[in-house]
Amino acid sequence: MGALFCAAAIHVQAEPVRPMPNIIIVATGGTIAGAAASSTATVGYEAGKIGVDQLIDAVPEIKKISQVRAEQLFRIGSENMNNDHWLKLAKRINVLAKQNDVDGIVITHGTDTLEETAYFLNLVVKSKKPIVLVGSMRPATAMSADGPLNLYNAVILAGSKEAVGKGVLVSLNDEVSAARDVTKASTMLVNTFRSPELGALGYIQDGRPYFYRQPSRKHTTESEFDISDLESLPAVDVVYAYANSNRVALDAFVKAGVKGVIHAGMGNGSFSEPMKAGLIDARKEGVVVVRSSRVGNGVVARNGEARDDELDFVVSDSLNPQKARVLLMLALTKTTSTKDIQRMFYSY
Ligand code: SIN
């Protein structure tokens with residue numbers, strides 16, 4: 001028995017020691033770097049106040065699981081994230097992702113526009129390496145701040161083989177979500193990031209990611225969009241529908257020279273008669289019109305609430321208005337053909 005045990009023991013292979021992954025944390029600001037006057041304050045704080053080195057120092061566990069480097073790219077509340085920031089961020093991520101000594105990238109970001117930045121990067125980053133956006137709902141100074149564990153989990157995810165090739169990911173509150181599907185759904189709760197109806201891709205528990213689903217739409221290395229030579233993006237704005245909605249804001253956008261407009265319609269992308277007339281006029285001026293929905297779930301059906309073929313409109317499929325804006329801007333860098341743009345909305 002003793003001899004048998006010994007023979008078995010000899011054949012047990014030691015687990016190969018995996019070197020710690022090289023992770024870059026690119027900081028942009030937000031509540032995760034926010035500081036309030038007291039530990040009980042969760043609103044009314046200054047976003048982006050705390051530098052990235054201080055954020056990392058507050059989570060010493062990160063250095064036990066990764067070789068971490070940090071860059072402070074911006075220090076803003078994400079409500080001020082704009083097209084120029086996106087181009088700068090995407091170009092930097094593309095440079096970093098090409099480096100042999102980078103295994104994964106974490107981007108700290110305010111939660112307000114995090115989903116838009118994530119989707120933009122999902123369409124323009126040319127890498128299979130894990131790119132993870134992370135934020136928090138409570139400032140770093142708050143009691144039970146959610147930032148430290150969110151940051152730790154994001155580093156775990158960015159260094160994991162499971163996250164390779166899954167496109168840009170969002171990680172908060174122990175969940176892993178796809179950039180295309182996820183949206184901010186609560187003004188205040190820590191479980192604010194949800195992928196309505198479709199669900200998250202997986203979880204992170206005790207330092208390990210668990211995936212259950214994959215993104216099915218094209219992203220990153222399969223994307224046709226290339227921002228490497230772009231200095232700006234075409235102007236696209238969103239007009240919001242509501243009972244009694246008029247065309248005043250739409251007409252102002254058209255007059256300002258917008259190249260595309262997203263109609264955040266009611267229900268399955270419906271619009272009022274005055275808005276319909278405004279959208280038809282906008283299209284005649286060459287503005288690309290995309291019908292989306294303010295509902296936040298489901299598909300906007302082509303030729304459903306409007307005769308899109310006849311009016312030469314595009315539908316957003318299941319993209320919410322703010323993400324439809326991101327895709328339309330990128331689409332307009334390639335083409336003004338509504339047929340081609342509709343194909344893109346069904347592909348990405
Ligand atoms: C922001 O988006 O920068 C502020 C809100 C947040 O990060 O939760």
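Trainee: How many residue pairs are in polar contact between domain 1 and domain 2?

Mentor: Eleven, with both residues at pLDDT 80 or more. A polar contact here is a pair of N or O atoms within 3.5 Å; within protein, one must be able to donate a hydrogen and the other to accept it, and sequence neighbours count only if both atoms are side-chain atoms. This is a predicted model, so local features need pLDDT of at least 70 and side-chain atom pairs 80 or more, while totals for chains, interfaces and linings use all residues. Numbering runs from 1 along each chain as its sequence is written, and side-chain values use heavy atoms, leaving out hydrogens and water.

Trainee: Why is the pairing of aspartate 317 with arginine 217 called a salt bridge?

Mentor: The rule wants a side-chain nitrogen of Lys or Arg within 4 Å of a carboxyl oxygen of Asp or Glu. The closest N and O atoms are 2.8 Å apart, so the pair qualifies. Across that interface the rule finds two salt bridges.

Trainee: What makes threonine 31 a polar contact of the ligand?

Mentor: One of its polar side-chain atoms lies 2.8 Å from a ligand oxygen, and that passes because the cut-off is the one I gave for polar contacts. Ligand oxygens also sit 3.0 Å from a polar backbone atom of aspartate 112 and 3.3 Å from one of serine 136. The protein covers 93% of the 250 Å² of accessible area (Shrake-Rupley, 1.4 Å probe) that the ligand has on its own.
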